[in-house]
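The following note is offered to a colleague who will be examining this structure at the bench. The points are numbered so that each may be checked against the coordinates in turn.

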Amino acid sequence: MGEGLLKGKKGVIFGALNEKSIAWQVALKAWEQGAGLILTNSPVALRLGKLQDLAKITGSQVIPADATKMDEIENLLSESMNIFGGKFDFILHSIGMSPNVRKDIPYERTSYENMLKTFDISALSFHRVLQTAYKLDAIKEWGSVVALSYVAAQRTLSGYNDMGDAKALLESIARSFGYIYGRDRKVRVNTVSQSPTATTAGSGIHGFDSLIDFSERMSPLGNATADECADYCVALFSDLTRKVTMQNLFHDGGFSSMGMSLKAIEQYQKSFDECDCDDK
Ligand SMILES: NC(=O)c1ccc[n+]([C@@H]2O[C@H](COP(=O)([O-])OP(=O)(O)OC[C@H]3O[C@@H](n4cnc5c(N)ncnc54)[C@H](O)[C@@H]3O)[C@@H](O)[C@H]2O)c1
């Protein structure tokens with residue numbers, strides 16, 4: 001990618017926990033492309049993760065904020081405006097957590113307390129960020145807000161649990177707020193639907209290794225890495241994508257458009273040749 005694509009731009013990045021985090025890679029690429037950053041994560045993630053290391057590399061300030069707490073988000077965005085000296089250009093929402101996924105509680109046996117927590121952290125937090133940014137008029141005209149999603153919003157993938165519902169809500173919020181933010185302030189709002197990626201959140205999903213292997217084999221271009229996702233996010237923060245808004249953009253090597261690949265047909269056929277089953 002050309003150098004300086006984000007020269008002079010400033011943005012807030014949510015959700016970098018460690019080097020594996022998609023947000024970590026986005027922060028690095030945005031910084032390499034000339035952006036000034038403020039990094040944020042929940043207070044507990046700041047204690048357990050390595051965000052200060054990223055802050056050192058990118059020369060950024062860190063402001064803690066639990067994305068489920070309105071006052072903390074408001075403090076983060078108004079502090080960011082103070083530090084940046086006014087409105088800024090972009091926000092990355094890279095936040096996801098499901099107590100059900102974490103504790104391996106199946107979808108059909110959730111408690112609604114767990115489910116509400118999943119939605120609160122993984123989807124409503126996006127509405128909170130947008131509502132607060134809109135209220136403070138924190139984002140410049142032609143600014144860009146991106147949240148990370150997954151194809152489980154459209155298709156059922158075993159093991160993804162209530163995160164599929166959370167992602168469907170997240171993508172819907174991008175459309176609903178994208179309309180208002182575009183109409184009133186010319187700000188873009190999109191979601192990027194990323195391939196399965198070996199991060200702390202990703203690896204918590206039941207059967208994740210098989211999921212990542214399956215989509216790698218099924219996608220004509222193979223899975224997209226966190227590093228490649230970061231390139232796409234940088235493009236969406238840049239002025240090259242000024243009329244892209246209210247979209248869920250698949251960044252998955254083609255997986256979301258596949259039904260059956262040649263490799264999968266051959267493997268499927270082979271499974272019957274080798275088995276002792278009636279369906280032969
Ligand atoms: N890894 C994958 O396979 C994959 C695929 C598609 C989309 N995504 C999405 O990408 C995003 C980033 O996840 P990741 O894979 O980089 O994993 P990650 O574990 O590195 O990042 C998840 C982040 O969410 C933060 N978070 C959790 N609760 C929070 C709260 N209350 N307030 C503020 N932050 C909170 C965590 O501290 C962490 O930094 C998530 O939305 C995830 O669903 C991941």
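1. The nonpolar core. In this predicted model, the largest nonpolar core comprises 70 residues. Those with the most contacts inside this core are I13, A16, A23, V26, A27, A30 and C233. Helix α1, covering residues 22-32, gives the most to the core, with eight residues. I13 is a useful residue to inspect: leaving aside neighbours within four places in sequence, I13 is in contact with A23, V26, A27, L37, L39 and L92.

2. Overall dimensions. The secondary structure of the protein comes to eleven helices and seven strands. The radius of gyration is 19 Å, close to the 19 Å that the globule rule gives for 280 residues, so the protein is as compact as a globular protein of that length. Taken along the principal axes, the C-alpha atoms fill a box of roughly 70 × 45 × 40 Å. Of the 280 residues, 43% count as buried. Among contacts between residues at least 6 apart in sequence, 74% join residues at least 24 apart.

3. The sheet. In which order do the seven strands of the open sheet lie? The order is β3-β2-β1-β4-β5-β6-β7, and the pairing is parallel. β3 (61-62) and β7 (248-251) stand at the edges, each with a single partner strand, so one side of each is left without a neighbour in the sheet. As background, the strands of a sheet pair through backbone hydrogen bonds, in either a parallel or an antiparallel sense.

4. Strand β2 and its partners. Strand β2, residues 36-40, is mostly covered, with four of its five residues buried. β1 and β2 pair in the parallel sense over five bridges, and the bridge partner of K10 in β2 is G36. Two bridges join β2 to β3, and these strands also run parallel. At this junction, L39 stands opposite V62 in β3; L39 is also one of the residues in contact with I13.

5. Strand β6. Seven of the seven residues of strand β6 (residues 188-194) are buried, so this strand is largely enclosed by the rest of the structure. R188, N190, V192 and Q194 point one way from β6, whereas V189, T191 and S193 point the other way, and all are buried. Six bridges join β5 to β6 in parallel, with L148 opposite V192 in β6.

6. The ligand shell. Which residues are the closest of those surrounding the ligand? They are S21, A45, G96, A201 and G202, out of 27 residues that surround the ligand. By class, the shell has twelve nonpolar, 13 polar and two charged residues. Helix α1, β5 (139-149) and α8 (200-203) each supply at least two residues of this shell, and α8 gives the most, with three. Helix α1 therefore deserves attention on two counts, as it gives the most to the largest nonpolar core and is among the elements that supply at least two residues of the shell.7. Residue L6. L6 is placed in the segment before β1 (10-14). Is L6 buried or exposed? L6 is buried, with 24 other C-beta atoms within 10 Å. Not counting residues up to four places away in sequence, L6 touches A30, Q33, G34, A35, V234, F237 and S238. L6 and Q33 are 27 residues apart in sequence, and their C-alpha atoms are 5.2 Å apart in space.

8. Residue E228. E228 is placed in helix α10, residues 226-237. With 18 C-beta neighbours inside 10 Å, E228 counts as partly exposed. The C-alpha atoms of E228 and H251 are separated by 8.8 Å, and these two residues are 23 residues apart along the chain.

9. Positive phi values. Most residues other than glycine have a negative phi. D137 has a phi near 50°, a positive value in a residue other than glycine. D137 lies in the loop between α6 (112-136) and β5 and counts as partly exposed, with 13 C-beta neighbours inside 10 Å. K186 likewise has a positive phi, near 60°. K186 is found in the loop between α7 (163-185) and β6 and is partly exposed, with 14 other C-beta atoms within 10 Å.

Note on methods. Residues are numbered from 1 along each chain as its sequence is written. This is a predicted model: local features need pLDDT of at least 70, side-chain atom pairs count only at pLDDT 80 or more; totals for chains, interfaces and linings use all residues. A nonpolar core is a set of buried Ala, Val, Leu, Ile, Met, Phe, Trp, Tyr and Cys residues joined through C-beta atoms within 7 Å. A residue is buried if 20 or more other C-beta atoms lie within 10 Å of its own, exposed if 12 or fewer, and partly exposed in between; C-beta atoms are placed from the backbone. Two residues are in contact if their C-beta atoms, placed from the backbone, lie within 7 Å. A residue is near a molecule or strand if its C-beta atom, placed from the backbone, lies within 6 Å of it. Ala, Val, Leu, Ile, Met, Phe, Trp, Tyr, Cys and Pro count as nonpolar, Asp, Glu, Lys and Arg as charged, and the others, Gly among them, as polar. The radius of gyration is taken over C-alpha atoms; the globule rule is 2.2 Å times the number of residues to the power 0.38. Two strands pair if DSSP finds at least two bridges between them.
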